[in-house]
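Q: I'm new to this structure and would like a close look at a single part of it. Could you pick a helix and walk me through what sits around it?

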Amino acid sequence: MDWIFPALLQEGQEVLIPHLVKIFRACLATGYVPSVWCQVKVVFNPKPSRNSYCGTRDFRPISLTSFLLKTMERLVHRILRDDLLALKPLHPSQYAYQAGKSVETALYQLVVRVDKAPDQQEIALGVFLDIEGAFKITSYDSMCAALARHGVDRTIVRGIRAILEGRLTTATLGGFSRSVVMTRGFPQGGVLSPLLWSFFSELIARLNEGGVYAQG
């Protein structure tokens, strides 16, 4: 919507970077995001292996946002990943979106624990929880509280909230179009979305502290 494309940023970076640095710093310091950056176009990708594509759950909505906003999100992502999490990592049983961890390593740890139970003449009881629509239902208040508990600087927390709040999302499907202002949730396909969700690891910590092995 702002007519800024990656090629422009790449070819003109020597001229643009000093100005972009000032803009991004001002946005984070004041908790303000230009309104044109908040205009989001949503496209719907059909989910595989569906018998029909008649309902909203048959599609995965992907948010297409301003490349300048994505650039600022990437910088915030780097602050969280390289600075904060380097000093205070997430819970070790949080496997999602963590360097050196994956679905395979999570399954391996789980299988090892299950295999030990018969050898020790014990019973292994497993409970699996799937939070449906996790990205789209999360409130900004709970997200900010989770970041604060992990020691994220208040200015960064306010900046992240500004990045997410007030997005004017326009969805088009089947010739019909509708625009809504987002009041909660992370955008599917957003740069920060997976990492922000990883900060909700308090349940994992509480279960492990209570003697129940839990992983995410």
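A: Let's begin at the front end of the chain and then settle on helix α3. Keep in mind that this is a predicted model. Ahead of α1 (6-11) there is a segment that holds W3. W3 isn't a glycine, yet its phi is positive, at about 65 degrees. With a relative accessibility of 68%, W3 counts as exposed.

Now for α3 itself, which spans residues 67-87. Just before it comes a loop that links β2 (59-64) to α3, and T65 is found there. Is T65 buried or exposed? T65 counts as buried, because its relative accessibility is 11%, and the cut-off for buried is under 20%. Setting aside neighbours within four places in sequence, T65 has contacts with V40, K70 and R167.

Next, the helix that α3 packs against. Two packed helices are described by the angle between their axes and the distance between the axes. For α3 and α7 (residues 154-164), the axes come within 11 Å and cross at roughly 150 degrees. That crossing is left-handed. On the α3 side, the residues involved are L69, M72, E73, V76, I79 and L80, and they meet I156, I160 and I163 of α7. Sorted by class, this contact has eight nonpolar residues, one charged residue and no polar ones.

L80 deserves a longer stop. Leaving out residues up to four places away in sequence, L80 touches L85, V152, I156, I160, L192, L195, L196 and F199. The largest nonpolar core has 34 residues, and L80, I160, L196 and F199 are the ones that touch the most other members. Which elements give two or more residues to this core? They are α2 (13-30), α3, α6 (140-149), α7 and α8 (193-198). The largest share comes from α3, with seven residues.

Past the end of α3, the chain enters the loop that leads to α4 (103-119), and L90 lies in that loop. L90 is buried, because its relative accessible area is 7%. Not counting residues up to four places away in sequence, L90 touches L85, Q98, H150, S198 and F199. F199 is one of the residues that L80 touches, too. S198 is 108 residues away from L90 along the chain, but the C-alpha atoms of the two are separated by 7.8 Å.

Y97 sits in that loop between α3 and α4 as well. Like W3, Y97 is not a glycine and has a positive phi, in its case about 60 degrees. Y97 is partly exposed, with a relative accessible area of 45%.

What about the cysteines? A search of the whole structure finds zero disulfides. C27 is in no disulfide, and the nearest cysteine sulfur, that of C38, is 9.4 Å away. C27 counts as buried at 6% relative accessibility. For C144, the closest cysteine sulfur is also in C38, and that gap of 15 Å is too far for a bond. C144 counts as buried as well, at 12% relative accessibility.

To pull the α3 story together: T65 is in the loop before the helix, α7 crosses α3 at roughly 150 degrees, the largest share of the main nonpolar core comes from α3, and L90 lies in the loop that follows.

Note on methods:
Residues numbered from 1 in each chain as written. Predicted model: local features only at pLDDT ≥ 70, side-chain atom pairs only at ≥ 80, totals over all residues. Heavy atoms only, no water. Helix = DSSP H or I, 4+ residues; strand = E, 2+ residues; numbered from the N terminus. Buried < 20%, exposed > 50% of the residue type's maximum accessible area, 1.4 Å probe, protein only. Contact = heavy atoms within 4.5 Å. Axes fitted to C-alpha atoms, helices over the stretch in contact; angles between N-to-C directions. Left-handed = near helix turned anticlockwise from the far one by under 90°. Nonpolar A, V, L, I, M, F, W, Y, C, P; charged D, E, K, R; others polar. Disulfide = S-S within 2.5 Å. Core = buried A, V, L, I, M, F, W, Y, C linked by side-chain atoms within 4.5 Å.
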